[in-house]
Amino acid sequence: MASASSGLTPFTIPARDVRLAAIEGGDPVQPTIVFVHGYPDTKEVWHDVLSRLAGRFHVVAYDVRGAGGSTRPKRTADYDLDRLTDDVIAVLDAVSPDRPAHLVGHDWGSIQGWEFATTPRLDGRLASFTSISGPSLDHVGVWMQERARRPTPATLGAVLGQAARSWYIGAFRTPLLPELAWRTVIGRRYGKLLQRAEGIESSGSHPAPTLVDDGVHGINLYRRNVGRRLRRPRPDAVAHVPVQLIVPSRDPFISTRLFEDLPRWAPVLRRRTVDSGHWAPRSQPDALARWIGELVDDVEGGAVPEVHASRSGDERPFAGRLVLVTGAGSGIGRATAISFAEAGGEVLVVDIDPAAAARTVELVELVGGVAHALTADVSDLDAMEHLAKTVAEDHGVVDILVNNAGIGIAGGFLETSVDEWRRTLDINLWGVIHGCRLFGRQMVERGQGGHIVNVASAAGIQPSKDLPAYSTSKAAVLMLSECLRADFAGAGVGVSAICPGFVNTNITRTTRFAGRSDEDNVRLRARTTAMYRRRDFPPERVADEVLRAVRDNAPVVPVALEAKLAVFAARFAPRARRLLARAGGVPN
Ligand code: NAD
């Protein structure tokens, strides 16, 4: 039945009351991935994705009942989600009887996929679920009911916004008219509409030659299931497998707000955003194939946590969020990376020092979190552009960016050389600018909000004769953060600046004391380190404030008493502030 080549072989699967037309490719010894198409498509919509994955996996796609070469039952009741579950069980029995298979669904295939991934009937039969452009009807039902119960202008706006995108569902529920529309206007114009709206050319097999019949019979999916489930959603529709949610950034039919509550329903969740309209399987087969392949590899290799038997949703505040932290190989950055991972985030640990980044990933894994190490010098534009591109390709758009990498420099203005000024501004200021430009643009273009945290310093508020370069760089970060906050507010991207005081980290061991000899530098570093150790303010407390700033969308967050005093003095005691600036603070 199967061919060991990457060519796709047609075959038929007998199910309870129908026969399902299917194709398969790749080696059946490899993990099986089953693809379920949407409406009004057929299995052919997956062709480009299947051909990219058939070299490494056993891939299978089938025509859903009522579509393509499968049987077309006449009664609406025959399209119940329960009958569709019978069908996928028949498919799994035929193609992966002894081993859980990975499931991928698009549009109505994804709506079905949620049913399969949450129904006890398929417990143990699936290994993962990748959902593209199709929410669970149960989740939408609960989402609407909860918002209708607590109406505010924002929640009502959200419900009405999704209703406006789902106008066609109402139209499909009227008798006969949709059938007539398919047989007259839509059937003839569909290819052109798809081309105009999504830039997708006909491939010969998609849209299928059976399009009009597929369109007419598939209406039963809506008629049978949508109203029932939205009125009486299952409150326990929690996925029993790891879920990967791929969200097309320009999907005209699905509001991303529907996925706000997803961590509740998917205890192990990975999110990706793909730059496409609704038909991502046709327009972005490379990205889809890569992400699907990665999830299968990770699940098969044990790199994805299993869903616990209790199957309660992940209520952690950053579950399923992609977080990038620069300078995460030490101190505040490392503590922040670990805290986000503990709070459910998937963390990208970026540092100029690859060994330090790898160590942070180990520490994250020790607390049961997920992290990936990446190397980049934040002051190097090319390196940062490469980082932004790689991250977008491999992980998708970052939800939370923490621009933390920075260095210390002390010494009077006339002692600080031009090179020392450049290096300080390159890392402490330009590093933040590069991060905000590159990742901020991706967040804004994605249109689903996000958050940027810039680590400034109490020294960016309180001037000091001993810290002209450092304080100037941090004051600039503070102002940049405020400007950006105003600029990005409309896009739903929050911006916070964190201003820590004296925090016990490695920074005192690497700080440069300008105008001093090498021996003096060694001595001054040791004295400053001892001072910071005595102050004993741990980086973990700064990390807590970073997470809180994101949760509350806080504008400027002073951390530790000295930072709060600096804010107070700037506002209410400008003379005292200037006297303090003259006193300085660097040991001799
Ligand atoms: P740290 O020295 O412990 O950690 C800084 C990390 O950044 C290191 O892992 C280092 O390898 C990395 N890094 C340095 N230059 C980089 C570059 N060009 N590209 C990428 N990574 C680079 O220091 P920390 O105290 O955790 O400092 C983190 C941030 O907090 C800095 O921006 C610092 O200015 C700020 N801050 C620190 C304190 C403090 O008292 N420790 C106070 C206020 C603000």
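These legends go with close-up views of a predicted model.

**View A. Thr 326 and its surroundings in strand β9.**
Let us begin with a residue tucked inside the protein: Thr 326 is buried, with a relative accessible area of 3%. Thr 326 belongs to strand β9, which covers residues 322–326. Its side chain reaches the backbone nitrogen of Asn 404 at 2.8 Å. Leaving aside residues up to four places away in sequence, Thr 326 touches Val 350, Val 378 and Val 402, along with Asn 403, Asn 404 and Ala 405. Asn 404 therefore turns up twice in this view, as a residue that Thr 326 touches and as the owner of the backbone nitrogen reached by the buried threonine's side chain.

**View B. The cis peptide bond before Pro 40.**
Most peptide bonds are trans. Here, the bond from Tyr 39 to Pro 40 is cis, with omega near 0°. To find Pro 40, look in the loop that runs between β3 (32–36) and α1 (47–53). Keep Tyr 39 in mind, as this residue comes back in View F among those nearest the centre of the largest cavity.

**View C. The cis peptide bond before Pro 207.**
In this view the bond from His 206 to Pro 207 is cis, and its omega is near -5°. Pro 207 sits in the loop between α7 (177–198) and α8 (211–231). Helix α8 will also appear in View F, where it helps to line the largest cavity.

**View D. Asp 107 and Asn 553, with positive phi.**
Most residues other than glycine have a negative phi. Asp 107 has a positive phi of about 55° without being a glycine, and Asn 553 has one of about 50°, again without being a glycine. Asp 107 is found in the loop between β5 (101–106) and α3 (108–118). For Asn 553, look in the loop between α19 (539–552) and β17 (556–559). Are these residues buried or exposed? Asp 107 is buried, at a relative accessible area of 10%, while Asn 553 counts as partly exposed, at 34% relative accessibility.

**View E. The second largest pocket, between domain 1 and domain 2.**
This pocket holds about 830 Å³ of space. Its lining is made up of 36 residues, and those nearest the centre are Glu 260, Arg 271, Arg 321, Gln 448 and Gly 450. Two or more lining residues come from each of β7 (243–248), α9 (262–265), β8 (269–274), β14 (450–455), α16 (468–488), β15 (493–500) and α19. The largest share, three residues, is from β8. Sorted by class, the lining has 14 charged, twelve nonpolar and ten polar residues. Why does the pocket lie between the domains? Domain 1 (4–300) and domain 2 (322–583) both give residues to its lining, so the pocket lies between them.

**View F. The largest cavity and its lining.**
The structure holds two cavities of 30 Å³ or more, and the largest cavity has about 80 Å³ of space. It is lined by 14 residues; His 37, Gly 38, Tyr 39, Ala 67 and Leu 221 lie nearest its centre. The elements giving two or more residues to this lining are α3 and α8, with α8 giving the most, three residues. By class, you will find six nonpolar, five polar and three charged residues around the cavity.

Key: Residues are numbered from 1 along each chain as its sequence is written. This is a predicted model: local features need pLDDT of at least 70, side-chain atom pairs count only at pLDDT 80 or more; totals for chains, interfaces and linings use all residues. Side-chain values use heavy atoms; hydrogens and water are left out. Helices (H or I, at least four residues) and strands (E, at least two) are DSSP runs, numbered from the N terminus. Buried means under 20% relative accessible area, exposed over 50%, partly exposed in between (1.4 Å probe, protein chains only). A polar contact is a pair of N or O atoms within 3.5 Å; within protein, one must be able to donate a hydrogen and the other to accept it, and residues adjacent in sequence count only if both atoms are side-chain atoms. Contact means heavy atoms within 4.5 Å. On a 1 Å grid over the protein atoms alone, a cavity is a set of points where a 1.4 Å probe fits but cannot get out, and a pocket is an open set with protein on both sides within 12 Å along at least five of seven lines; lining residues have an atom within 4 Å of a point. Grid points are joined across faces, edges and corners, and a volume is the space filled by probe spheres set on the points. Ala, Val, Leu, Ile, Met, Phe, Trp, Tyr, Cys and Pro count as nonpolar, Asp, Glu, Lys and Arg as charged, and the others, Gly among them, as polar. Domain bounds come from an automatic or database domain assignment.
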